[in-house]
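Please find below a short set of comments on the structure. They are set out as numbered points for discussion.

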Amino acid sequence: MASLHHHPLPYSEAKPNNSIVLEIHHDETITTTSSAVAHMEEASRKSNGEEKSNPICLTWKDLWVRASMGKRGTKAILQGLTGYAKPGQLLAIMGPSGCGKSTLLDTLAGRLGSNTRQTGEILVNGHKQSLAYGSTAYVTQDDTLITSLTVREAVYYSAQLQLPDSMSKAEKKERAEFTIREMGLQDAINTRIGGWGCKGISGGQKRRVSICIEILTRPRLLFLDEPTSGLDSAASYYVMKRIKSLDHKDGIQRTIIASIHQPSAEVFQFFDNLCLLSAGKTVYFGPASDAIQFFASNGFPCPALQNPSDHLLKTINKDFDQEMEVGVAGTSGGALPAEAAIGILVNAYKASEINEQVQTEVTAISKMETSSVEKKRGHASFLRQCIVLTKRSFVNMSRDLGYYWLRLAIYIALAISLATIFYHLDTSYASIKDRGSLLAFVSTFITFMSIGGFPSFVEDMKVFERERLNGHYGVSAFVIGNTLSAIPFVLIVSFIPGAIAYYLPGLQSGYDHFLYFICVLFSCLMLVESLMMIVASVVPNYLMGIILGSGIQGIMILVAGFFKLPSTIPKPFWRYPLHYIAFHTYAFQGLFKNEYQGLKFHGGSSHKYITGEEIMRDTWQTDMSYSKWVDLAILAGMIGVYRVMFLVIIKITEKVKPIVGSFKLMSPKQTIHVVENPNATPLHVEFV
């Protein structure tokens, strides 16, 4: 890792770090001086260059964001915002729903969608640069976590993925446990996060786990989108208290920017600066403690014993077209519509001394002799990421009942049903059709049932998307880890039901025939899972994904050559190329060759015997120009192709979608500057 120059902190004195304060639920404090934990954290910080890292100042000037409305043109979501965020301070972005809080947060973090256009100037320590991985972190509003893991496992696996290989496993484990204690989760450290299948930790604890995962790299800039959403007042207070006190515990001058929906009075006191928005316009930006005075001086005083944040939000909320009482300072001295009240405040802020101070502060910060943010910190190696993701995914699959175990039970029930219905197949003329029907059912409907695991995979995709956006690992590592972890479970799901469905009906004896049958079934299950991975990357929705995946498989089954023989399939499109693209085609052919070759059947009314080769050629129209092993090899190759397709689709979506969306929004005279931003979206498009 490149060496980084040390610069003194220009904004405030660095806090001494000779002690560690651990907070517990009853607000008791335990001070541990010169402990092993502090020593290890100090050594770890030095080994990763964290002491030489600079605090981050973020400024934005005349920031506009417009969203495409299709044929209706564009709509301005943010309108000429100017502000700053300084180290050691918490900036709260507040406003009614739809005012642009999350959009402002996404804009500052480089996470805007492809259907938006951004103009204005955003500077990091006075420089135009991207936000590097490790120096910044983003905690999303939704706590997208792997529910089957415990708190310790979730944070420790993330530490192994994010922290560089220069740190030992012991150091990473200690960093994870130290971070858990920082957020007050030591009592829930061995409790599963929990979901629909089992009771887990509370909502406030989940939010703190999400924060733990993102602060493992000791980021200097922390974005939080609605960190108190869905929490009660007590949980909101403790979450914000932990966030506010982070720099007191690790000695890092951290810049924190959070969008807050409706904070309590106690939470409001944690805010250093407040950015108040309404319909994308700045109503107020400045010290949070002066906001009430600003409103009162313009005719909207806060009633006694009322939560200040409630008063601020009620005054600037025009969704319900309510009227606001204007106080002594108002010009009309009566009730005003909410929109008029907002107009008064917006104009008052533009002409206020507070706005001038903000403009002066932004200019001063932009001209300060501050170094740019350090370059991207090291991840774990690609091999380490693959190993960790494989282990984590394996643990998740083994604990999630809906992932494979429920499917295994259903498959066993189906296999028993098949075995009893087709029990004891002989070599009579009628068994020719029965064997074909049995093999076709196994390679179509049983594999078709694999779409039942789609909801679990969508949850994995949500975790992947969050971690990918935050730069924890790449697409290739995720695909490899998911594939390797699934193989043992797919083998179990293939072997146990396959043995029941093979031996009880009395299919062709011989271990080589049985193993081939299992290999084809395994390949089909892997292919269906790979297909659903592709579907999930395109349509990340339960209902639409299952419908689309089912439709694709239904068409493949229809043209595979069982329900309609290959020679009778219409040649345009259905036979060429769809018949040869459908993996069921090769599953049918491989299983028919495996079963019929070497057998002789009674000829029905005639006294002749019919060989299996004749049946495949005349009855099923199987292509006999190559062996069954070629069919199996084609299936194995398709597994690789499908997995690569999933990887390519993710890559293309990341690279092409922002560019395509930007061309829809830009005028002919506008130009595009493309900046690589590994901490947020892989491609950040800035318009000038």
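1. In this predicted model, Leu401, Trp405, Ile492, Phe495 and Ile496 form a nonpolar patch of about 450 Å² on the surface. Two helices, α14 (401-421) and α17 (475-503), each contribute at least two residues to the nonpolar patch. Helix α17 provides the largest share, namely three residues.

2. Among the patch residues, Trp405 deserves a separate remark. Trp405 lies in helix α14. Its relative accessible area is 32%, and Trp405 is therefore classed as partly exposed, since that class lies between the 20% limit for buried and the 50% limit for exposed residues.

3. The interior may be considered next. The largest nonpolar core comprises 183 residues, of which Leu58, Trp60, Leu104, Phe223, Ile257 and Phe271 touch the most other members. Helix α18 (residues 511-538) makes the greatest contribution to this core, with 18 residues. In soluble globular proteins, nonpolar side chains tend to be buried together.

4. Leu104 is one of those core residues that touch the most other members. When neighbours within four places in sequence are set aside, Leu104 is in contact with Trp60, Leu63, Leu78, Leu81, Ile93, Cys275 and Leu277.

5. On the cysteines, how many disulfides does the structure hold? The number is zero. Cys386 has a relative accessible area of 7% and is therefore buried, as this value is under 20%. Cys302, by contrast, has a relative accessibility of 22% and so counts as partly exposed.

Note on methods: Residues numbered from 1 in each chain as written. Predicted model: local features only at pLDDT ≥ 70, side-chain atom pairs only at ≥ 80, totals over all residues. Heavy atoms only, no water. Patch = residues over 30% accessible without salt bridge, like charges linked within 9 Å, V, L, I, M, F, W, Y side chains within 5 Å. Areas by Shrake-Rupley, 256 points an atom, 1.4 Å probe, with all protein chains shown as cover. Salt bridge = Lys/Arg side-chain N within 4 Å of Asp/Glu carboxyl O. Helix = DSSP H or I, 4+ residues; strand = E, 2+ residues; numbered from the N terminus. Buried < 20%, exposed > 50% of the residue type's maximum accessible area, 1.4 Å probe, protein only. Core = buried A, V, L, I, M, F, W, Y, C linked by side-chain atoms within 4.5 Å. Contact = heavy atoms within 4.5 Å. Disulfide = S-S within 2.5 Å.
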